[in-house]
Every structure is written in C-alpha cells, then in structure tokens.
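Please open the model in the viewer and keep the selection panel at hand. The tour proceeds from cysteines to enclosed space.

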Amino acid sequence: MTAVDRTAEVWTAPEVESVPLPASDSAAVRRWLDDVFVAAAVMRSEAPTAEAQQWYGRRLADLLSHVEYIQHSDQDRFDVLRNGVSAMLAAAGPGVLQTMDVHQRVLLSLTRDGRRGDVLLVLTELQDEGRSYLTAPTPDLTAAGALTAVPGYLPLLSEPVEPSLLNLSAVDLPVTARLTRFVWAADGLLTIGGWAYLPGVDPADCVLEVGLRPQGSSVVTALAVRREQDQRVDAVAADRCRSYSGAAFTASVDPRTLQGLQPGGAKEWAVQVTLRVGAFSASDLIRTRDTDLVPRRLPVAGTASDRTRVIGVMDAADGLRLKAVRYSCLASSLKVAGQTVRVGFGESGGVVPDALYLDSPGGPRLEFRRETGGTRFTIDTASAAGELPAGAREKRWTVQALLPNGRVEPAGWAGSGTDLAAASEQTAALRAECTGYGYLQLSLRAQRLSVSRAELIDEAGLLVLEGRLGWIPGRPDPEVPELLLTTARNEVRSSSSRWLDETGRFRTEFSLVQNKWGHGESALETGHYRILRAWTDATGEVRTARVQALGRLLGELPARMPHKLMGLELVGEGNEQDLVLRVSAPGTADQRSARGRQLAIAGYTASEAPVDPETVLFETFDGKSCSDSGRAISDALGDRRPDLHRFWAVADYSVQVPPNCTPVLRESPEWFRLLATAGYLVNNNNFPHYFRKRPGQFYLQTWHGTPLKRIGLDTPVSGSTASYRALIQREAAAWDMLLAQNEFAAETLAAAFGYQGEPAVFGYPRNDVLTTDASSRRAESRGRLGIAADRKVLLYMPTWRDNGAGADPYLDFEAAAEQLGPEYALLYRGHHKIAGRRKTTGQDLYLDVTTHPEVNDLYLAADLLVTDYSSAMFDFSVTGKPIYFLTPDLARYRDSERGFYFDFEAQAPGPLASDTDGLAASVLAAEAEKEPYVSRYREFVCRYAPLEDGIAAHRVAGAIWMKQH
C-alpha cells in the first residue's frame, strides 16, 4: 500500500453553521456546539496541526460574544458555555489562546474553570474602566516585547489566573496608526505626518520606522523620520493608563527618486509603519486619517516629469499609498471667466487634443473643438447653465480629450490642485477642479456660497462668519444668505445677516447663547452643528445646502475658539470641506482624555479634604437637567436655609440652574472636589461607578418616579449589565435616606435596590407646583411655548427601551396631526437616556420639548398626556387631566423585556391603544373621561399620589436640614 502524503493535499475546513445570536436560548447554543464537535471529529483525522488550531481559534472567537453575554443569562447558559470552551481548549491546546487578546484569554480561561463570579467581575471592570491596562517586564521570553499585562481586575479575582495568560502576544500589540498630514511643498517634496503606537507600550520605549514598500515587493525603503509630540493622540487612544502623545512623527518623500517614474519601475508604493520594542516588531499600513486635518481626497502636486506625477490615495483595506500616474495629455493653462473656460495644451511639446468633451452623469456629451491653428480650447457652459434650476445642487463634468490617435482619455492637469483652484474665483458659479488623480473636471452651481473668515466675540457670545455668494451671471441678484446651525435635535438661526458690498460678500452673526424656553439664557446644547444655507425655491419649498470653507479660513481649520461656557471647534468635512461647528462642554484636552479622567478619579478617591456641612451638591439625570425632586428641594432650601451653598452638577452649560445656585460641570476638577467634600449629596439616579461616600457626608436619594416597570435588581438579567447590578448595590448601601412618593413605591424601591433603611414616604417634591398656583403657571407656560389659548395640547412622554428602541417614538406624528386636526398642538418629550439620539429638527408637526428645563410646566400646559410605561403617569395624575396610553409593544415589554409590578392593564387610569389610529380615535371620543376610566383614575390617585399637597419639599427639608440645623 502506498502511503498518502497528507501534507501535500489542500485541506478544506469542515463547514459549521453560524453561531446563534447571544440572546438565543441555551438549547440553540448546545445544538451549535454539538455540530462543532461533530465537525471536529472529522477535522482531527484530516487536518494538519496548524490548520486545526486555527479552526478551533475561529470557533472560540465565535463564542466570545456569548461569554460576554453571561452577564445577561443564567447558570444553565454558563454551564453550556463552560463545557464547550473546556472541550475546545483541551482539543486545540493552549497555543490557541494566543490568537485572542489578553482579556479574551482571561475570560475564556475563567469560563473553562467554571469561575462564573470572576467572569462577571471582569466584565464589570471592563465596562467601568475600559480595556486598557498597565504592563510590566517579564523574564518570559515567549512574551511579546518581554511584557506582561497587569489588568486592574487581577487583585479582585477569587484566585490568580495562570501567569502565561497575561504574557502579551502579537495580537495584543497591533500597530495603531493614523494620518494627520499630507502636504506637497513648492519644491515638489511630500511631507507625511501621523502617529503610530503599540497599545500598552510607551512610545518612548519603541523604535519607529516609516518606509515605502513597492507593490508586489517585500523590500521596504526607509524614510527620514522625525519624532514629535501631539496631545490629540490621547483623545483617540482612550487609554487611561498612559499617554501616547509621543507617538507623532513626520516623514519626507522626494517623488523624483521613486523608481516608478522610470520605464519598467513600480507604479505604487505602500507607506508602511514598523514599531519595535525589545525583540518584538510589528508592521502595518496607515489605514485611517484624521478627518479634521486630512481631506478624503488627498491634495495633488504638480507633475514631476514626462507627463507623470505621484499622487496619494488611501482606503481602509490597502492603506495610504503613493501611485505614479501617467497622462495621455495635460492641460498646462486654464482660466475661468463667467461661464467660459479657456484651456491650453501643448507646452514643452506635449500632446494637443483635437477636441474636448464634457461628460456628466445622465447628461449629453458636450463637444468643443480646438481653436484653429492653436493649442487652446474655449468651453462655453452657458447652454448647460440654462438647464440648471436655481435650487439644484450642482452639475459636474469630467473633461475628456480626443487624442490625435482617435482615443478618448481623461484630460490631466499639469499644475497642482492649488494652482487650479486659483484659476477661478473661489465662489464663482463655474469652477475648475482637480480630482484626486489629477484629472480635470468642471463644477457649476446656480449659487455658490463659502465662508472665508470666522471670529468668536466671546464677550457678546457671537460667532461671526464672513464669506461670499456667487451666482450664474445674468440671473437675478439673490437675497442676503440665511445661514443655520443645525443638529438632528437643535437648530439655531442667525441673529443678523447683511451684505458687505456689491460683489456678494456677506456677514452673518450667530448668538451662541439661547433663551430657548423663556427661562433665561444658556449655552448651546452640545452637538455637531452643520452650517447650512437655507432658501426658498420657486415652488415654495425650503431647501438647504452645506457651506464650504475657502481662503484663509481653510488653512486655519480645525479652528478652536475659546469660550467660557463651551468648547467650540470649527472643522471642515469631506472633499468640499463643509463647515461644522462642534459644541462641547468646556475643558482642556488633558481633562477630556481617558488618562486625564483617570488621574482626576484617582485624586478624588485619595482626597482627605474636610467635608463641608454647609455645602449641598445636587444632580439629576446625570446632569442633563436641574429638575425633578432635587429642584423642588433646592428651592425649599433657598427659602429655609439660605446660608447653605447649593451647587448643581450639569452635563454642559446649556443646563440652567435654579436662582442663587452655582453650576459645576460634571467631572470637572471642581465637581470632583465637591463630590468628595460636600456635606450633602442629592441625586435622583446614581453617581458614577467610582463614587464612594465619605464619612460625614449625607446622601439623599430621591429616585425619579413610582415604578410600574421592574427596576434595579428586579430588572430581568437579560436587560441589565454586570456593571449596573454592582453599582446599584454599592449605591443603595450609601443612601442615608430614600425618598418615596407612596407606600407602594417605598416597599418596591427598597426591595429592588436592596436598601436596608426605612424609606421616607413624604410624597414627591417634584409635584408640589402642580397643586399650587397651577392656573397662572399654565397660562405662563403656554405663552412661552407659543401655544394659543384655544388649542388643546397633547403631551407625548414615552419611556425608553432596554433593547435600544425608542429613539424613534411609536407615535406617528404625521398621522396624529392629520387625524386630530389643527385644534391640537403636539408636544414630544423624549426620555433623558435617549435624548441625545433623537432626530426632531426639520419638521413642523410637533414641538420637541425634550430639553425643556421644567416638566411640570409641560404638565400644566398640556390638556392630556400620552405615555406608555413611564412614571409620568403617576405625576400627571395629580393634575386630574386625561391620560392615554400608546402601548404597541405591551406584551413583549410586560412579559420579557422588563415586566411590571402590578396589573397595568387592570389599573391603567386611561385607555390603551396599540397604534396611532386607535389612539387618535380614543382621544377624539374622549374615552379617558368616561367609565371605567374615571373610577380607575380616582383609585389610581388614592393609591399612588395620596400625599401630593404642595409641601413635600418642605417636609424633606424639615426632616434633614432643619432637624440637623
């Protein structure tokens, strides 16, 4: 019998179906594992060792999401995973774990060993602290870089893990690189800037090499590299353990030395980065760019020689490359005047086309012949301009050349992209442009607007933009441009716009403080504000277009503008450098980095500063508002204890604080100081995971509603994380008083959070204003909202969903507006947890009141409430006004996603609808004002709002501050 050489055969891996989703039941996972082991039995008899280990590695990788899902599942699921992971590791051998990162190795090992508690602990730490870790030298020569990981969770584990699991492997040390500069100098030299580091390794401990690798070759030619500092790296790295600011570099390239410019040479070179630490080295391409600093279409230099130039191209798959491009013909001169372009060819004996064609997607080809006996062409776009509506985005043509040999090829441009940009006015309707490959194209817009100057007048809170508007000659003069700052959830109109001269220069001013709800001025809501021009077209439709940066401003981007209330940064996006104003909470780059935050947390936990009994720190909804019961208590203290210093934590300065209170930015140095030293802490949710109450501090937990849906430790394990469950237990142990609206809430909240004290059943301070001076406050609130006295107000307030749904509300506003008619005004208040994901601008069907500072004003302004499972129902019932429920997902939410504490359908104080049509019909029929809902409503108030008498806040103040005072 002749022996079969298995190593000479091409081995085909046995097929296995895709792993079930983590949310699948244990039986589905067990069946998948059974299929894997059947395939493994075949593989063991056929596969070479290396291929078998790779196969097992892929199957273990399939299970990683299931291991992380352990926090959402029960012991049975864990046992299934334990058996599967254990069998795979035993069959594949320990080497298979080296294809996983260090946290994955630890999690798989703990799962194999049946240490479910430690798995949950590791997942908690990763969610709280992130995935970065300290490293330490190790004598183990198998460790990459002679380094071992020291994750923060190691001392918390029930027993140590195998030390070899912590030795770094190649997968732990990938090259992380980004392009930050790509600039051609006048002498033809190219400067490439960027940064590169190995995660977990100080850049100072690495040797950096940057080189060019020709296509199809493994030989790398080193470039001259200069190491630099750049603090922006840390914002991207998000490493709490170290800084990578020393990872920046610049390298220079002389394209004239590249072999591709010679016949038979390479035509493409990859820019490769290599980092070495000890005996370990890793290499990769530069696959990402800093979108604020490097445009998607890389700048183009002039041709180097013989109709050839080197260009830069970049994508995630193949990284940054330099390419040699050879042109059939090159335009050597170009001038745009009005709607006419004059193009010249043939300098230094170059090829002169017989004709030029303008090609546009879906449009006819336009032909232009060479001037008789010359080398120039005159392209008149007037006929095409006549077809361009005033509201059209643009018309773009590629320039094709008919060569003497009869071929049609794209026409190249001999100069640089900068040279070509100067051939026409920056805001001319017709402009010549250069593609990333150096080919000519023409762009025509009926109107072209750009901004060339931006200035922040901090004292006045004004952003001043100056630019120019150009339009097709012969058309009517346009009106002064109307600019907008807009996000998906906020819109700011200019405070003034005017012409500066008769050439189209204009000036627009934006106020960066808003009095959005009539409660006083505040900073803009944080977000990325696109700068748009708005106009009304001939059909009456309002249209918008992005605004570009040109001229001096283009060279200044990204432009950071100091402001005491906001972090402001003006940037350009995309090939066109469309302007965006980024608005964030103020703070230094160090404070915003993960490393800076970790240092601040460490300073807080080590604080020994004395506790100040005269200071109160309030926080509601993570600083997104100054409201809820905390606001009412704060106001009561202002009356009864004006000697107290009241501070309010705010997420940003768009959040308004009560009179005579001081705002403090969340996670700012002052906030950390107060968190450690304030004598009283008042919260309606929870503080971050690192919070620890100090001796001498009093913590009042007001919570934020009587619960219908299960909360805290009663939340289905599938809908909560290990981090949340650990936080809740720590928080409840720190509470000195838990406030409850009623006896039912007292019992339910205490059990759900594991609170060992006696809840204080005082009613809810946040509802006090609903029973005092309600009539005048209703009229004032409706006036501020711009709602006429004769209109009915429907307030829609849904809760959020654990599964991520809810950013798009269930209420169909268009259908509701149509069916209810103009008699009704619709208000929408999104839940604070999904407020940042809402998309509410660009419509006039409803008023988005999500950021309104006082929900009680909305309750008073409304004539009826539409909600689902929100605790708003308990508060709104104090008003006595109708409540309707839109609950299309009732069965799922009740039976699996959350669950209820009582029979909601039996006790609901208003009718339930499954869709917008049913809701509208119910509202129009006033069903909530009929039986059985009238009786249910009365019983509901007696059970859940019996103490709402307008003085709950004073009861709380008396029980805590007046008693101690």
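Select C626 first: in this predicted model, C626 is buried, because its relative accessibility is 3%, and the cut-off for that class is under 20%. Next, add C661 to the selection, since its sulfur is the closest cysteine sulfur to that of C626. The two sulfurs lie 8.0 Å apart, which is too far for a bond, given that a disulfide requires a pair within 2.5 Å.

Move now to C434. This residue also counts as buried, with a relative accessibility of 11%. Display C329 alongside C434, as the sulfur of C329 is the closest cysteine sulfur to that of C434. Here the separation is 13 Å, again too far for a bond. How many disulfides does the structure hold? The count is zero.

Turn next to the enclosed space. The model contains three cavities of 30 Å³ or more, and the largest cavity has a volume of about 50 Å³. To display the lining of this largest cavity, select H103, E125, L126, E129, G130, S132, P151, G152, Y153 and R240.

Which helix gives the most to that lining? Colour residues 116-129 to see the answer: this is helix α5, which contributes three residues.

Finally, colour the lining of the largest cavity by residue class. Three of its residues are nonpolar, four are polar and three are charged. Glycine is placed in the polar class, and the lining includes G130 and G152.

Note on methods: Residues are numbered from 1 along each chain as its sequence is written. This is a predicted model: local features need pLDDT of at least 70, side-chain atom pairs count only at pLDDT 80 or more; totals for chains, interfaces and linings use all residues. Side-chain values use heavy atoms; hydrogens and water are left out. Buried means under 20% relative accessible area, exposed over 50%, partly exposed in between (1.4 Å probe, protein chains only). On a 1 Å grid over the protein atoms alone, a cavity is a set of points where a 1.4 Å probe fits but cannot get out, and a pocket is an open set with protein on both sides within 12 Å along at least five of seven lines; lining residues have an atom within 4 Å of a point. Grid points are joined across faces, edges and corners, and a volume is the space filled by probe spheres set on the points. Helices (H or I, at least four residues) and strands (E, at least two) are DSSP runs, numbered from the N terminus.
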